Amino acid sequence: MFSRISAVVLFLRDLETCSAFYRDKIGLEVVFRDAESTAFKLDGQDFALVAINNAAGMVKVDIAEFMSADGKAHPVMLCADTDNADAVYEALRANGVAFTQPPVDQHWGYRAAYFRDPEGNFWEIRQPIPRPAQP
């Protein structure tokens, strides 16, 4: 049925702030920009930000369906593979990205660090590591 996810689209309240975050702090290249969206270049993956009011019209639902009871957007977590999680962590920190967790070896086989974008969406920057032997 599906072979892979070909695009990630985040629906956001503050498109300007989030676009600047991904462009300036994360260093993604903008490939398309209009009043309702920003698209970035990633290797083999489309990544876009869409203003939540435009997203509601696009998928034909009321804007309230995008919000939780406390009025915030529902956050997601995106995972990005890298060859060196520590180096990416240091580069992003130097660029002003605030992490919730520095790189740590996870028992599921990744060295991972975590941060949030301005709207609360989580990112996991990860590199594969050997898993410990199971008893």
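**Two open sheets and a pocket in a predicted model**

In this predicted model, an open sheet of 4 strands follows the order S5-S8-S7-S6, and its pairing is mixed. The edges of this sheet are formed by S5 and by strand S6 (99-106), each of which pairs on one side only, and from one strand to the next the twist averages 20°. Strands of a sheet pair through backbone hydrogen bonds, and the pairing may be either parallel or antiparallel. In the case of S6 and strand S7 (residues 110-116), the two strands run antiparallel and are joined by 5 bridges; within this arrangement, Asp105 has Arg111 in S7 as its bridge partner. Helix H3 lies across S6, S7 and S8, and its direction runs at about 170° to S6.

A further set of 4 strands forms an open sheet in the order S1-S4-S3-S2, again described by mixed pairing. Strand S1 (7-12) and strand S2 (29-33) each have a single partner strand, so one side of each is left without a neighbour in the sheet, and these two strands therefore stand at its edges. Neighbouring strands of this sheet are turned against each other by 25° on average, when direction is ignored. Strand S3 (residues 37-42) and strand S4 (residues 45-51) run antiparallel and are connected by 6 bridges, and Ala39 stands opposite Ala48 in S4. Helix H1 (residues 15-25) packs on the sheet, where it touches S1, S2, S3 and S4, and the direction of H1 makes about 150° with that of S4.

Attention then turns to the empty space in the model. The largest pocket has a volume of about 460 Å³, and among the 18 residues that line it, those closest to its centre are Leu42, Cys79, Ala80, Asp81 and Trp123. At least two residues of this lining are supplied by each of S4, strand S5 (77-81), helix H3 (85-94) and strand S8 (122-128), while S5 gives the most, with 4 residues. When the lining of the largest pocket is sorted by class, 13 residues are nonpolar, 2 are polar and 3 are charged.

The confidence of the prediction was also considered. The mean pLDDT of the chain is 84, and 84% of its residues reach 70 or more. Within the chain, confidence is highest in H1, at 97, and lowest in helix H2 (residues 52-59), where the mean is 74. Where pLDDT is low, the predicted coordinates should not be read in detail.

Conventions
Residues are numbered from 1 along each chain as its sequence is written. This is a predicted model: local features need pLDDT of at least 70, side-chain atom pairs count only at pLDDT 80 or more; totals for chains, interfaces and linings use all residues. Side-chain values use heavy atoms; hydrogens and water are left out. Two strands pair if DSSP finds at least two bridges between them. Axes are lines fitted to C-alpha atoms, for helices over the stretch in contact, and angles run from 0 to 180 degrees between N-to-C directions. Contact means heavy atoms within 4.5 Å. On a 1 Å grid over the protein atoms alone, a cavity is a set of points where a 1.4 Å probe fits but cannot get out, and a pocket is an open set with protein on both sides within 12 Å along at least five of seven lines; lining residues have an atom within 4 Å of a point. Grid points are joined across faces, edges and corners, and a volume is the space filled by probe spheres set on the points. Ala, Val, Leu, Ile, Met, Phe, Trp, Tyr, Cys and Pro count as nonpolar, Asp, Glu, Lys and Arg as charged, and the others, Gly among them, as polar. pLDDT is the predictor's confidence in each residue, from 0 to 100.
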